[in-house]
Amino acid sequence: MEKFGFAIRETRTIDFEQFDERLLEYVLSYEPSFRVCLSCGGCTATCSAGNLIDFNIRKMNLLIRRGETEGLEKEINKCMLCGKCVLVCPRGINIRNVIMLIKKGIVLFNTSGKSDQRYYCHA
Amino acid sequence: MHKELFTLPFTIGVAFLIVIIVVRFAQWARGLSKIDKIRIWKNVLTVKSLLSIKESFREGLLHRNIFRKNPLLGYMHMSLAFGWFLLIVVGHIETVLYKQSLSFPFHLPLFFRYYVREETGFFLSGALTFTMDLILLFVLSGVGLAVFKRFRSKLFGMKKTTKLKLSDKVALISLWFIFPLRFLAEAFTSGLYHNGSFLTQPAGNFFNSFLPLDSLMLPVWFAYSLSLGFFFVSLPTSRYMHIPTEILFIFLRNYGIKLKKRCNAFSFVQVYSCSRCGMCLDTCQMNGAGIKTTQSVYVLKNIRNRSLTDETLFNCLLCGRCQQECPVGVELNDMRITQRIESTLQYNSSYDYLQEGKAEKADVIYFAGCMTHLTPAIKKSMVDIFKYAGVNYWFMDEEKAPCCGRPLMLAGQFEAAKKLILNNQKLIESSGAKMLIVSCPICYKVFKEDYGLHDIKVMHHSEYLLELVRNNIIPPAKQPHAVIYHDPCELGRGCNIYDQPRELLENYVDVLKINDEKELSFCCGGSLANLKIQMAERDKIRNGALEEYMRYEPDFLVTSCPLCKKTFSKGTKIQVYDIAEIVSKNLKTSRQRVKHIKDLKKEIYQTELI
């Protein structure tokens, strides 16, 4: 059966009371356009990285909204930032910024969210 | 107060300034890379130093670059800088002649009129007093213009000027006061002792008629000294630090020191060289989208003030228009990319999923680029042309290939980009091709600059097609159309390719000459370098450019970048073509040529059979 793309998944629940929404909040606060995604999947269809390997931006979107941030880092690092997704997005979402924010957010929250000033090279 | 103490603020100010500058310069010199230090040692005793002195004189004192932009603004800067310089030089000559020796107190030339009151009649004394008055008048005219400019900057060809912080204001106001106070002090002295010339003497006589100059003279000299002191003390923390730093920058640049991918002392030299004149503000197209706080001058200011944020740093199209305007020549684009690299250093991808692809043996590799895949007309045109010209080519990213790495580079993901570059480079080299044709200027720039493709000639398709036309491989076919050629930022300002596309186009259509072309061309607004801008803001930038283009009433727009094409075609009713489309469209009209090539191939085939 699995060869046809069908499989029986084990039942599972997501506890909305518990989930880690820091990353979602962080991304939305800097890129509000992310709110209007309608999960059409256009980004995933055109994706240059998705053409090379199993990589699904639309799924990424879903995972963040569910607070399932585990394993996200490995996934998001597949993106090559080429920008095709931004051009095809019917909602005009600035997807490249969303990706960069997720990448940065993961580092920020892994290092207990210290101020990001130390990242620059100041004179 | 002891009479002689009035020069103290000046002396303290100068001493402070010299110490700070020496410490700063030493810090920067130490922070340079080893190779750069060797560069300095190798070049310091060559003609490059002389050239640097000449350039410092031309830009630091005469301000030729600003003159070109606006003569009045240039005059203002020149009268202040060059005038002050002359005051110092002539003042010293005057003192030497008066003293008949080279040793005299450090402050004497500045307060010469105060100390030398009698008609001494030393060699050329009259002429020198006259010259000093003339120079002072020259400087005062500059100060007058500067004060006027603060309130009416439009007359100086500038719509916007930068906002000042406290130390800038202190420095600015003391600078404004220095020369009027010097004038007053000299006038008061000459009113009492008749040691002035055509400017100070009549003024002195006039003041003497109604002011108690006896008791006013010393306080005014003190105020003059004080304003000098304030200016020198506030200089290192204000924007006027650009005066000493710019000279250092000119020398280092002429010695061949360049910005690195990572931030180093040379980046800071450039940061401090910025005078915050604000010339980069007017030219920035982001103004049209209502984004007014992320321009280059503010980024440099934020780096100095330690207040940079991602929202400022990444909200820039990196179109390079500001870099063309900068009178100091700060590498604004690369400065921003360096900061982006630093700020994203902690989260670079490794792309360990990349596999070594299989290269096809071919003479020419064609790399369309991600953006070209969204504008299929371009790649189809290129394929048609290759087939027509009978080129043995390999379409490298026809099915699947990693991105070229430039979008990552623009986002500061340098380490990640390197992974893609290495992967692609291996693939390209293993194909044995001698030429790499690229359709996207964004890819072109990275292939040219960051790939180590030594034996392979990288060409943008506009260059390549021009070569085909020149060699009569594809026929020219002039059509009665007048078009505007839009220079893509990465190809034009980025790689200096302005003439080849125009020459190619002239074989097919007439290219209109417009104001905003070549170095001054617009950005389409679609730039991948801006990670923060919203779609609606991009549209405003695009519409601004289109509006300007439409005034020339072109039959259609031609560009040579898939992203520009895509951006523009969303916003206008007239057709937007890529240069490759223009060429390939006209191939179909000349069937004769096709036949000729078919015959040629048949001939070759037959000879091979025999």
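This is a walk through a predicted model, starting with the layout of chain B and ending with its contact with chain A.

Let us begin with how chain B is divided. Domain 1 is made of two stretches, 3-31 and 63-237, and it is followed by domain 2 (253-343), domain 3 (364-469) and domain 4 (474-587). To get a feeling for the spacing, take domain 1 and domain 3 of chain B: their C-alpha centres lie 59 Å apart.

Now turn to residues 364-367 of chain B, which form strand E1. E1 belongs to an open sheet of four strands, and reading across chain B the order is E2-E1-E3-E4, with parallel pairing. At the edges are strand E2 (393-395) and strand E4 (457-460) of chain B, each of which pairs on one side only. From one strand to the next, the twist averages 25°. In general, it is backbone hydrogen bonds that pair the strands of a sheet, in either a parallel or an antiparallel way. Here, E1(B) and E2(B) pair in the parallel sense over three bridges, and a good place to look is Ile365(B), which stands opposite Trp394(B) in E2(B). What lies across this sheet? Helix H22 (residues 441-449) of chain B lies across E1, strand E3 (435-438) and E4 of chain B, and runs at about 160° to E4(B).

Further along chain B there is another open sheet. Its four strands follow the order E6-E5-E7-E8 in chain B, and the pairing is parallel. The edge places are taken by strand E6 (510-511) and strand E8 (576-578) of chain B, each pairing on one side only. Strand E5 (residues 482-486) of chain B joins E6(B) in the parallel sense over two bridges, and Val483(B) stands opposite Val511(B) in E6(B). A helix packs on this sheet too: H27 (residues 579-587) of chain B touches strand E7 (556-559) and E8 of chain B, and its direction makes about 80° with that of E8(B).

Helices also pack on one another. In chain B, follow helix H11 (residues 242-254) and H12(B): their axes come within 8 Å and cross at roughly 135°, and are therefore oblique to each other. The crossing of H11(B) and H12(B) is left-handed. Residues of H11(B) including Phe249(B) and Leu252(B) meet residues of H12(B), among them Phe266(B) and Val269(B). By class, this contact of H11(B) with H12(B) has six nonpolar, four polar and one charged residues.

Chain A offers a helix pair as well. Helix H1 (residues 22-30) of chain A packs against helix H7 (residues 95-110) of chain A at an angle of about 135°, with their axes 9 Å apart. That angle makes H1(A) oblique to H7(A), and H1(A) passes H7(A) in a right-handed crossing. Tyr26(A) and Tyr30(A) are among the residues of H1(A) that meet H7(A), where the partners include Leu101(A) and Phe109(A). The contact of H1(A) with H7(A) divides into eight nonpolar, one polar and one charged residues.

Finally, look at where the two chains touch. How many residues does each chain bring to the contact? Chain B gives 32 residues and chain A gives 27 residues. On the side of chain B that touches chain A, helix H12 (265-273), helix H14 (296-305), helix H17 (332-343) and helix H20 (406-410) of chain B each supply at least two residues. That side of chain B comprises 19 nonpolar, seven polar and six charged residues.

Notes:
Residues are numbered from 1 along each chain as its sequence is written. Chains are lettered from A and ligands numbered from 1 in the order in which they are written. This is a predicted model: local features need pLDDT of at least 70, side-chain atom pairs count only at pLDDT 80 or more; totals for chains, interfaces and linings use all residues. Domain bounds come from an automatic or database domain assignment. Two strands pair if DSSP finds at least two bridges between them. Axes are lines fitted to C-alpha atoms, for helices over the stretch in contact, and angles run from 0 to 180 degrees between N-to-C directions. Two residues are in contact if their C-beta atoms, placed from the backbone, lie within 7 Å. Ala, Val, Leu, Ile, Met, Phe, Trp, Tyr, Cys and Pro count as nonpolar, Asp, Glu, Lys and Arg as charged, and the others, Gly among them, as polar. Angles under 35 degrees count as roughly parallel, over 145 as roughly antiparallel, 65 to 115 as roughly perpendicular and the rest as oblique. A crossing is left-handed if the near helix is turned anticlockwise from the far one by less than a right angle, and right-handed if clockwise.
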